[in-house]
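Q: Could you walk me through this structure? I'm new to it and would like to take it piece by piece.

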Amino acid sequence: MTNDQRSTTDDSSTPHVVILGAGFGGVGAVLELRDAPVRITILDKHDYHTFQPLLYQVATQELDPTEVGYPVRDLLHRHNNVVFHKCEVNSVDLAKKQVVVDGMSPLDYDYLVLALGAIVNYHGTPGAAEHALPLYTMNDAIRLHDHILKTLEAVDKEPKLIDDGALSFCIIGGGPTGTELAGAMADLLHTELKADYPNLPIDEARVIVYEHSPHLLAPFKPKLRDYARKALEERGVEVQTESGVAEVGAKEITLASGEKVKTHTLVWAAGLQANPIAASLGIELAPGGHVPVGPDLQIKDHPGAFAIGDIASTTEAESGKPLPGLAAVALQAGHYVGKAITHIIAGKEVKPFKYHDKGTMAQVGRGAAVVELPKGGTLTGRVAWLAWLGIHLHLLSSAEEKTSVFVDWGWNLLTHKRGKRIILSDEDHEESNS
Ligand SMILES: Cc1cc2nc3c(=O)[nH]c(=O)nc-3n(C[C@H](O)[C@H](O)[C@H](O)COP(=O)(O)OP(=O)(O)OC[C@H]3O[C@@H](n4cnc5c(N)ncnc54)[C@H](O)[C@@H]3O)c2cc1C
C-alpha cells in the first residue's frame with residue numbers, strides 16, 4: 001500500500017488533518033504532526049516550499065531559484081502518515097468540514113490547518129495589476145530576474161531606450177521588501193552587471209524607492225530607519241519618502257504629486273491582502289480579508305479548524321497586540337497548531353498561542369542590515385547582517401536546506417560571485433513592460 005492510499009482512506013478511524021499550504025505555517029504544522037497518531041494530507045499549488053524572505057535574492061541573481069524553493073516531498077520521506085498533493089485549493093466548506101480542490105474529489109477533514117498565505121494588494125492603483133512587477137512568489141522573482149536582464153539586453157542593443165527611462169528601476173514601498181530589494185539591486189547593477197555590459201553606461205542606472213509615509217522601514221526604531229536610508233543612499237539608491245504612486249503605465253508612472261517618471265520597471269512592494277480563499281469560508285473577515293481566530297488559533301464556532309500565518313488575523317492573548325506577517329510568526333503558529341491538535345485528540349488542555357519574538361530585521365545590501373532585538377536593543381552593519389543570516393538560517397526547515405543555503409551564501413560572500421546570470425524564461429511575459 002502506498003502512502004497515498006493510507007492517508008486518503010475514508011474508513012480509517014484515525015483523525016484526518018488537512019493542511020492547506022506548504023509555506024511557513026503549513027510546514028511548521030506538518031513537522032510537528034508527521035509522527036503523531038493522525039493521517040495528514042497537505043496540499044499546495046507548488047511542489048516546493050518557497051522561502052519568501054530570500055525571493056529578492058533570486059530576483060537580483062544572488063541565489064538560484066532551487067536554493068530558495070525546497071521540495072515539499074523531501075520533508076515527508078520516512079513518514080508514513082503524510083501525503084502531499086500539488087493542487088489548487090478552490091474553497092473550504094466549514095459546515096461540511098470539506099475542502100474543494102482542483103482535479104480531486106472533495107476532501108473531508110477532522111482538523112483543518114488553513115495556511116494559504118497572502119496575495120499582493122495594489123490598493124486599486126490604476127494600471128498596477130497590468131504593469132507592476134510584484135515580489136511575492138517564486139514566479140514573481142524569476143519574472144523580475146528575467147525582466148532586469150532583458151531590459152539591459154534591450155538597452156545594450158538600442159541605447160536610445162535610456163532616454164525612455166529603461167535604466168530607471170523604480171520600487172514602490174519602503175518596507176522591508178522594498179528596502180532589501182533596493183539595496184540588492186544597487187549592488188547588482190553597480191558590480192556584476194557593470195562588468196557584464198561594458199558598453200552600457202550603467203552608472204546612469206537609477207534605483208528609486210517611493211514610500212508614501214515619512215520613513216523607510218516605518219515599524220523600526222528611528223536610529224535604524226536612519227541607518228537604512230543612509231546605507232541605501234551610499235549605494236546610490238534614491239529614496240523618496242512621502243511620495244506615493246497614483247497610476248502605473250507600461251513605460252511611465254504618475255506620482256501622487258502629479259509628477260510623471262519614465263520607467264520600464266516598477267516593482268510593487270507596497271502591500272498584501274489575505275488569500276481570497278478566506279472569502280469562501282462564509283464568516284465575517286477582519287480588515288484585509290484576514291480570518292479572525294481566537295487565542296488558540298481556531299476559527300470562532302468551528303472547533304478543529306485553525307487559521308495561521310498571513311491569511312489569519314492573530315492577536316497575542318497575553319499582550320493583546322496583533323501579530324505581524326512574519327515567517328517566524330507563521331512557523332511558530334504551525335508548530336503550535338500541530339501540538340494543539342495532538343493535545344485535543346489526547347483530551348489535554350490547549351494553552352493560548354504565545355509568539356516568541358526573536359527580533360525584526362532587514363538587509364540593506366551586502367554586509368549591512370538593521371536588527372531590532374526583542375528587548376529593545378538594536379544592531380546595525382555587519383554584526384546585524386550576521387544576526388540576519390543566523391535567523392534566516394534558523395527559519396529553514398531542514399538540515400539539508402540550511403547547509404545548502406549556508407554554503408551558497410558563504411561562497412557568494414567570499415568570492416563576491418552571484419547565481420548564474422542567464423535569462424531563465426524566453427517567453428516574453430512582460431512584453432508590455434520592456
Ligand atoms: C518578498 C518577501 C520578503 C519577506 N521577508 C521576510 C523576512 O525577512 N522575515 C520574515 O520573518 N518574514 C518575511 N516575509 C514574510 C513571510 O514570508 C510570510 O509572513 C510567511 O511566508 C507567511 O507564511 P504562511 O505560511 O502564512 O504563507 P506562505 O509562506 O505564503 O505560504 C502559503 C502557501 O500556500 C500556497 N497557496 C496559496 N494559495 C493556494 C491555493 N489556492 N491552492 C494551493 N496552494 C495555495 C502557496 O503556494 C504557499 O506555498 C517576507 C515576505 C515576502 C513576500
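**Domains, core and single residues**

A: A good place to begin is the UniProt record, where an unreviewed entry carries the annotation "domain: FAD/NAD(P)-binding" over residues 16-334; UniProt positions are given here in the numbering used for this chain, feature names are shortened, and annotations may be inferred rather than shown by experiment. This is a predicted model, in which local features need pLDDT of at least 70 and side-chain atom pairs count only at pLDDT 80 or more, while totals for chains, interfaces and linings use all residues. Residues are numbered from 1 along each chain as its sequence is written, and side-chain values use heavy atoms, with hydrogens and water left out.

Q: What is the helix and strand content over residues 16-334?

A: Over that stretch the chain is 27% helix and 28% strand, and its end C-alpha atoms are 16 Å apart. Helices (H or I, at least four residues) and strands (E, at least two) are DSSP runs, numbered from the N terminus.

Q: Which domains does the domain assignment give?

A: The assignment gives domain 1 (3-45 + 87-120 + 273-345) and domain 2 (128-270 + 360-433), with bounds that come from an automatic or database domain assignment. Their contact (heavy atoms within 4.5 Å) takes twelve residues from domain 1 and six residues from domain 2.

Q: And how much area is buried between domain 1 and domain 2?

A: About 600 Å² is buried there, and carbon and sulfur atoms give 74% of it; buried area is the accessible area (1.4 Å probe) that two parts lose on being put together, summed over both. Of the area that domain 1 buries against domain 2, Ala118, Val120 and Leu331 supply 46%, more than any other three residues.

Q: Switching to the inside, which residues touch the most other members of the largest nonpolar core?

A: That core has 125 residues, and those touching the most other members are Leu20, Val99, Leu112, Leu114, Leu152, Leu181 and Leu297. A nonpolar core is a set of buried Ala, Val, Leu, Ile, Met, Phe, Trp, Tyr and Cys residues joined through side-chain atoms within 4.5 Å, where buried means under 20% relative accessible area, exposed over 50%, and partly exposed in between (1.4 Å probe, protein chains only).

Q: Where does this core lie relative to the domains?

A: Domain 1 and domain 2 both give residues to this core, so it lies between them. A second, separate core of 15 residues includes Val120, Tyr210, Val248 and Leu255.

Q: Leu297 came up just now; is it buried or exposed?

A: Leucine 297 is buried, with a relative accessible area of 1%, and it lies in the loop between strand 20 (291-292) and strand 21 (298-299). Its phi is near 65 degrees, a positive value in a residue other than glycine. Not counting residues up to four places away in sequence, leucine 297 touches nine residues' worth of neighbors including Phe306, Ile308, Tyr336 and Phe353.

Q: What about arginine 78, buried or exposed?

A: Arginine 78 is exposed, with a relative accessible area of 78%, in the loop between helix 4 (72-76) and strand 5 (82-86). Phi of arginine 78 is also near 65 degrees.

Q: Last one: what does the side chain of histidine 49 reach?

A: It reaches the backbone oxygen of alanine 22 at 2.9 Å, although the two residues are 27 apart along the chain, with their C-alpha atoms separated by 5.7 Å. Histidine 49 sits in strand 3 (residues 48-50) and counts as buried, at 0% relative accessibility.

Notes:
A polar contact is a pair of N or O atoms within 3.5 Å; within protein, one must be able to donate a hydrogen and the other to accept it, and residues adjacent in sequence count only if both atoms are side-chain atoms.
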